[in-house]
Amino acid sequence: MKNLMSDAELIRHSNAVVAGTTDIEPAAGVDTADCEGVLFIVSLGAITAGAVTSVKAQQSSAADGAGDAFADLEGSEIAVADDDDNQLVYVDVRRPTERFVRCVVARGTENAVVDGITAIKYGLRKRPA
């Protein structure tokens, strides 16, 4: 039996964020130079009725987007319904064209709680220490 985690690395991409309407944009992207791709898992909490929430991936050639701003990955945006309380949403980016990838949660209109964003790098060429 193959061990799923033998060629993967888990990263806490963003900590929990209380209810609010501001976007969650991690300052740094996940470095994908040494892997096949990265899977982002967004843990949602309570979402107020009428909230406009979505999840998407962005990429850049710079870790912090300096000099090369993070740009949306076309087709990666997922709309989150206002009754999707306590659900998981995932975005899988396989073979990104830029080195650094991040997951952004756009929140507007009403409060939406995000319990955190986890990144799983898979297809590692080198195992983490």
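**Figure 1. Salt bridges in the predicted model.** The count of salt bridges in this predicted model comes to six. Side chains of opposite charge can pair when their charged atoms come close. Three of the pairs, a network and the surroundings of R127 are taken up in the views that follow.

**Figure 2. Close-up of the salt bridge between E9 and K121.** The closest N and O atoms of E9 and K121 are 3.7 Å apart. This pair links distant parts of the chain, 112 residues apart. E9 belongs to strand β1 (residues 8-14), and K121 belongs to strand β10 (residues 112-122). E9 is partly exposed, with a relative accessibility of 24%. K121 is at 6% relative accessibility and is therefore counted as buried, the limit being under 20%.

**Figure 3. Close-up of the network that holds E9, D34 and K121.** Salt bridges link E9, D34 and K121 in a network. Within this network, E9 and K121 form the salt bridge of 3.7 Å between closest N and O atoms. The strands concerned are β1 for E9 and β10 for K121.

**Figure 4. Close-up of the salt bridge between R94 and E36.** The N to O distance between the side chains of R94 and E36 is 3.3 Å. R94 lies in strand β8 (residues 88-94), while E36 lies in the loop between β3 (30-31) and β4 (37-47), so the salt bridge ties together parts that are 58 residues apart in sequence. R94 has a relative accessible area of 53% and is therefore classed as exposed, for which the value must be over 50%. E36 is partly exposed, at 21%.

**Figure 5. Close-up of the salt bridge between D72 and K56.** A salt bridge with an N to O distance of 3.1 Å joins the side chains of D72 and K56. D72 is in strand β6 (residues 71-72) and K56 is in strand β5 (residues 52-60). The two residues are 16 residues apart, and the pair links distant parts of the chain. With a relative accessible area of 45%, D72 is partly exposed. K56 counts as buried because its relative accessibility is 18%, and buried means under 20%.

**Figure 6. Close-up of R127 and D7.** R127 is found in the segment after β10. R127 is exposed, with a relative accessibility of 64%. In sequence, R127 and D7 are 120 residues apart, whereas in space their C-alpha atoms are 6.4 Å apart.

Conventions. Residues numbered from 1 in each chain as written. Predicted model: local features only at pLDDT ≥ 70, side-chain atom pairs only at ≥ 80, totals over all residues. Heavy atoms only, no water. Salt bridge = Lys/Arg side-chain N within 4 Å of Asp/Glu carboxyl O. Helix = DSSP H or I, 4+ residues; strand = E, 2+ residues; numbered from the N terminus. Buried < 20%, exposed > 50% of the residue type's maximum accessible area, 1.4 Å probe, protein only.
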